[in-house]
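Work through the exercises below with the model open. Each task is followed by its solution in steps.

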Amino acid sequence: MRTIKFLLYKEFKQIFRNRSIVALILFMPVMQLLILPWAADYEVKNINVALVDQDHSTYAQELISKISGSNYFNIVSSTSSYDEAYRSIESDAADLVLLIPPNFKRDLVKNKAQKLFLAVNAINGTKANLGAAYMQEVIKEYNGKLLTEIHSVGRNPIPHRAEVTFSNWYNPHLSYKVFMVPGILAILVTMVGGFLSALNIVKEKEVGTIEQVNVTPIKKHHFILGKMIPFWVLGNVVFTLGLIVSWVIYGIVPVGSLLLLYSFIAVYLLAVLGFGLLISTYSETQQQAMFVMYFFMMVFILMGGLFTPIESMPEWAQETIKINPLSYLIKVLRMIVLKGSTFSDIAPHLGTIALFAIGLNGWAMLNYKKTS
Amino acid sequence: MKAVIAENISKQYNGKPAVEKVSFEVDEGEIFGLIGPDGAGKTSIFRILTTLLLPDGGSAQVHHWDVVKDWRAIRNAVGYMPGKFSLYQDLTVEENLHFFATVFNTSIQENYHLIEEIYVQLEPFKNRRAGKLSGGMKQKLALCCALIHKPKVLFLDEPTTGVDPVSRREFWEMLKKLKQQNISIVVSTPYMDEASMCDRIASIQSGSILSIDTPQYLVKNYGNQLFKVKANDRYRLLEVLKSVPSTKSYAFGEYAHISVEKGHQMEASEIRQHLHQNGLTGVEIGDAEVTIEDCFINLLH
C-alpha cells in the first residue's frame with residue numbers, strides 16, 4: 001500500500017510537470033468537442049443543381065420554384081441544352097442535373113404521365129445519394145399537388161393516398177450534434193486512456209528508468225497499478241469535462257443515471273488502459289507504441305459506429321466489431337445519454353467490457369516481465 | 001562469506017554467445033573490476049547478477065542468494081547503477097533520492113551517512129531536475145540512489161564513462177570510502193587507468209574471462225621487455241616499428257611502447273639502429289615502466 005502511495009505521488013508529479021501533456025489532456029477534448037460536432041455533420045446542404053428546362057411551361061416554372069424554395073438546393077445554371085448542363089457536372093460546378101423534357105406540361109395533362117430525368121455526380125457518394133433522394137422527395141410532393149389539381153378539374157374523385165408521417169424519438173429535431181457529441185466524447189476518452197498509458201510505460205523502457213525500478217523490491221502489480229490509477233483518474237476527468245461541455249454548449253443532459261454512466265466509464269477505462277499496457281509490453285520505443293496504437297485507433301474509430309452505422313456494414317465487419325471496445329462505449333453513451341437506458345439495458349455491454357478489461361490486463365500482466 | 005560467486009554463467013542472444021562460462025568470486029568488502037572492451041559481455045554479466053537477465057547456463061549467487069531462485073531477496077539487498085543514466089529526468093535530485101529511498105522502505109535520513117560526502121556536492125542543485133545535471137553530477141546522483149538503501153553489494157556498470165577526468169578521480173575516491181563501510185563493489189570500466197584502483201580485476205574479452213589478478217600482480221608479472229620510443233615523425237615511427245621482428249608496438253601517450261615477445265631479448269640500440277636505417281630522426285628510446293594498460297594489451301593480443 002505504502003509503495004503504491006509513493007508510486008502514485010511520483011507519477012502525478014511527473015504528469016503535472018509535463019505541461020504540454022496536461023494541456024493536451026485538458027484542452028484537446030474540450031476544443032474537439034467544441035469544434036468537431038459542428039463540422040462532422042451528415043446533413044447535406046447546398047446541393048448545386050443545373051437545370052435544363054426544355055419546356056418553359058407554367059408547370060415547369062412551378063417545379064423550379066419548388067426546388068429553389070427548398071433549403072437544400074442551389075440552382076447554379078438554367079439552360080436548355082443537356083450537354084451544357086452535363087459539362088457543369090464535369091467541371092464540378094453542379095452536383096446534379098434535372099432535365100425537364102419538352103412538352104412536359106402537354107404530355108402530363110394529355111397522357112397523365114411524364115418523365116423527368118436526373119443525372120447525379122456520384123463522386124461524393126453521400127451527397128449524391130441524399131441529393132437524389134431530396135430531389136425525388138420534392139418532385140413527389142409536386143406530383144401529389146398536380147394530381148389533386150388535375151383530378152379536381154376533371155371532377156373525378158380524388159384517389160386515396162397513404163401518407164407516412166413520423167416523429168424522431170430520443171432526438172426530436174434530428175440534430176446531428178446530439179448524435180455526434182456522445183460519440184466524439186467516447187473517442188476522446190479512449191484516446192486519452194489508450195495513448196497515455198501505452199506511451200508512459202514505454203517511455204520508462206526507452207529512458208531506461210525501468211531497469212532501475214526493476215532492481216528494486218517494487219512488485220510487478222504495484223508498478224502496474226501505479227501506472228494505471230493516474231490515467232484512470234485522468235480518463236474520468238476528461239469524461240467529466242466532456243459532459244460539462246456537452247451540457248453547456250449543446251444542452252445535452254444525460255437522460256439516464258449519471259451513476260450508471262460513470263460506472264460504465266470506470267470499467268471501460270480499465271479495458272482501455274489494459275490495452276495500452278499490453279501494447280507497451282510489446283513495444284521497445286515510444287515510436288513503435290505510437291504507431292501500433294494509432295493503427296488500432298483508426299480501426300476502432302472507423303469501425304466504431306460513429307460515422308457509419310454498424311448495422312449497414314457487411315457481416316464479417318459486424319463480427320469484427322464485436323472485439324472493438326470503442327463501439328460498445330459509443331453505443332452505451334448514446335443509450336444512457338440520449339435514451340435514458342437503465343442498468344438492465346446496458347448490462348450485456350457492461351459484461352463484455354468487463355471481460356475485455358480482465359482479458360487485456362491479464363494478458364499484459366503475463367507479458368510484462370521484470371526479468372528477461 | 002563471498003559477496004558474489006559466479007560459476008560458469010553463460011548467456012546467448014539469438015544463438016550468439018555473449019557470456020561464455022564466466023566464473024569468478026568477489027570477497028566481501030572488495031572492489032572487483034571487470035575490464036574489457038565494448039561488447040565484451042560486461043553489461044550482460046551485471047544484468048545476470050542483478051536478476052534482470054536469466055543466465056542460459058551456470059549459476060550465480062549474490063550474498064549467498066541464488067540469482068534465479070532468490071531474485072526478490074537480491075533486489076532488496078543490492079544497488080545497481082546501469083551504464084546508461086536511468087533516473088527520472090523529470091524529477092528533481094531530491095525527489096529521485098526520496099523515491100528510491102521509499103521504494104526500499106527506508107528514508108534519506110536513515111542512511112544519510114553513506115551518501116553524505118557525495119550528496120553535499122549535489123545539495124546546491126537539489127531542486128534541479130535530474131535531466132538538467134552535468135554528466136558528473138548525474139553519476140553522483142545515480143550512485144547516491146544506488147546507495148540509499150545501504151546495499152550489501154553495489155554493481156556499477158561503467159560508472160565513469162563520459163565523465164571528466166577530475167570527476168572520475170573523485171568518483172573512485174568515493175568508492176574506496178564505501179569499501180571501508182564493508183560494501184562490496186563490482187565495477188566495470190573500459191578505462192585501463194581505473195583498473196589499478198580495484199583490488200582485483202578480471203579482464204574480459206568476447207564473453208570470456210582471460211585472467212583474474214590483483215593489479216600489482218599483473219604489473220609485477222608482466223615478464224616482457226618493454227621499451228618506450230619517441231621520434232619526430234610519429235606516424236612513420238609506428239609504421240616502422242611494425243617491422244621490428246618478434247615485438248608488438250602500440251601508441252602510448254606521447255610515446256610508442258615496444259613489447260618484446262617472451263623468449264626473445266633485444267637491446268635498445270638495436271631498435272635505435274633499425275629506426276635510423278629507416279630515416280627517422282630525433283629518436284629517443286628507453287626502458288618503460290610497466291602499467292596495467294600494458295598488461296592488458298599483452299593479454300588481449
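Buried means under 20% relative accessible area, exposed over 50%, and partly exposed in between (1.4 Å probe, protein chains only). This is a predicted model: local features need pLDDT of at least 70, side-chain atom pairs count only at pLDDT 80 or more, and totals for chains, interfaces and linings use all residues. Residues are numbered from 1 along each chain as its sequence is written, chains are lettered from A and ligands numbered from 1 in the order in which they are written, and side-chain values use heavy atoms, with hydrogens and water left out.

**Exercise 1. Place Thr189(B) and classify its exposure.**

Step 1. Locate the residue. Thr189(B) belongs to strand β8, residues 184–189 of chain B. Helices (H or I, at least four residues) and strands (E, at least two) are DSSP runs, numbered from the N terminus.

Step 2. Apply the cut-off. Thr189(B) counts as buried because its relative accessibility is 1%.

Step 3. List the neighbours. Contact means heavy atoms within 4.5 Å. Beyond four places in sequence, Thr189(B) touches Leu34(B), Ile35(B), Gly36(B), Thr160(B) and Glu194(B).

Step 4. Look for polar partners. A polar contact is a pair of N or O atoms within 3.5 Å; within protein, one must be able to donate a hydrogen and the other to accept it, and residues adjacent in sequence count only if both atoms are side-chain atoms. The side chains of Thr189(B) and Glu194(B) make such a contact at 2.7 Å. A polar atom of the Thr189(B) side chain also lies 2.9 Å from the backbone nitrogen of Tyr191(B).

**Exercise 2. Describe how domain 1 and domain 2 of chain B meet.**

Step 1. Set the bounds. Domain 1 spans 2–219 and domain 2 spans 222–300; such bounds come from an automatic or database domain assignment. Their C-alpha centres are 36 Å apart.

Step 2. Count residues. 12 residues of domain 1 of chain B contact 9 residues of domain 2 of chain B.

Step 3. Take the area. Buried area is the accessible area (1.4 Å probe) that two parts lose on being put together, summed over both. The two domains of chain B bury about 970 Å², 80% of it on carbon and sulfur atoms. On the domain 1 side, Met192(B), Leu218(B) and Val219(B) lose the most, together 55% of what that side buries.

Step 4. Check the pairs. A salt bridge is a side-chain nitrogen of Lys or Arg within 4 Å of a carboxyl oxygen of Asp or Glu. The rule finds 0 salt bridges between these domains of chain B. It finds 2 residue pairs in polar contact, both at pLDDT 80 or more.

**Exercise 3. Describe the interface of chain B and chain A.**

Step 1. Count and size. Chain B gives 30 residues and chain A gives 25. The buried area is about 2,700 Å², with 55% from carbon and sulfur atoms. Leu52(B), Arg75(B) and Tyr88(B) supply 22% of the area that chain B buries here, more than any other three residues.

Step 2. Find the charged pairs. The rule gives 4 salt bridges across the interface of chain B and chain A. One of them joins Lys13(A) and Glu95(B), at 2.9 Å from N to O.

Step 3. Add polar pairs and elements. There are 13 residue pairs in polar contact between chain B and chain A, both at pLDDT 80 or more. On chain B, α2 (71–77) and α3 (93–103) each give two or more residues. With 6 residues, α3(B) gives the most.
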